[in-house]
Amino acid sequence: MSENKIKTFVLRIDTETMSAMEKWAADEFRSVNGQILYLLNEALKKSGRLPKKQKNEKNN
């Protein structure tokens with residue numbers, strides 16, 4: 001059984017980009033952290049760098 005562990009890290013971001021991220025997150029009813037995770041996961045999937053989950057993994 002695999003665990004989904006969360007790692008924390010500091011992200012330095014300029015105020016203009018942060019403001020844009022805050023607005024985008026609010027528009028999609030997400031936190032800024034949730035929006036960043038969503039965007040990273042989408043980019044990883046699109047580039048083929050995120051391992052695909054096996055069908056049996058969901059049932060176990």
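**A helical model and its α1–α2 contact**

Phe29 counts as exposed, because its relative accessibility of 79% lies above the cut-off of 50%. The model in which this residue is described is predicted. Phe29 sits in the loop between α1 and α2. The residue is not a glycine, yet its phi is positive, at about 55 degrees.

The overall make-up of the chain was examined next. The protein chain has three helices. Strands number zero. From the N terminus on, the order of elements is α-α-α. The protein chain holds 60 residues, and buried residues make up 5% of them.

The pair α1 and α2 was then considered. Two packed helices are described by the angle between their axes and the distance between the axes. Helix α1 covers residues 15–27, and helix α2 covers residues 32–47. Their axes come within 9 Å. The crossing angle is roughly 90 degrees. This angle falls in the range of 65 to 115 degrees, so α1 and α2 are roughly perpendicular to each other. On the α1 side, the contact is made by Met18, Met21, Glu22, Trp24 and Ala25. On the α2 side, Val32, Gln35, Ile36 and Leu39 take part. Seven residues of this contact are nonpolar. One is polar and one is charged.

Two residues of α2 show the contact in detail. The first case is Val32, which is placed in helix α2. Neighbours within four places in sequence are left aside here. Val32 is then in contact with Met18, Met21, Glu22 and Ala25. These four residues are also listed among the α1 residues of the helix contact.

The second case is Gln35, again a residue of helix α2. Is Gln35 buried or exposed? Its relative accessible area is 0%, which is under 20%, and Gln35 is therefore buried. With neighbours within four places in sequence again left aside, Gln35 is in contact with Met21, Trp24, Ala25, Glu28 and Arg30. Of these partners, Met21, Trp24 and Ala25 belong to the α1 side of the helix contact.

Ala20 gives a further view of α1. This residue is found in helix α1. Ala20 is partly exposed, because its relative accessible area of 47% lies between 20% and 50%. Along the chain, Ala20 and Val32 are twelve residues apart. In space, their C-alpha atoms are separated by 9.9 Å.

Ring interactions were examined last. A pair of aromatic rings is described by the distance of the centres and the angle of the planes. How many aromatic pairs does the count give? The count comes to zero, taking rings with centres within 6.5 Å as a pair. A charge does sit over a ring, however: Arg30 lies over the face of Tyr38. The distance from the ring centre is 3.9 Å. Arg30 is also one of the contact partners of the buried Gln35.

Terms used:
Residues numbered from 1 in each chain as written. Predicted model: local features only at pLDDT ≥ 70, side-chain atom pairs only at ≥ 80, totals over all residues. Heavy atoms only, no water. Axes fitted to C-alpha atoms, helices over the stretch in contact; angles between N-to-C directions. Helix = DSSP H or I, 4+ residues; strand = E, 2+ residues; numbered from the N terminus. Parallel < 35°, antiparallel > 145°, perpendicular 65-115°, else oblique. Contact = heavy atoms within 4.5 Å. Nonpolar A, V, L, I, M, F, W, Y, C, P; charged D, E, K, R; others polar. Buried < 20%, exposed > 50% of the residue type's maximum accessible area, 1.4 Å probe, protein only. Phe/Tyr/Trp six-rings, centres within 6.5 Å; stacked < 30°, edge-to-face > 60°. Lys NZ or Arg CZ within 6 Å of the ring centre and 35° of its normal.
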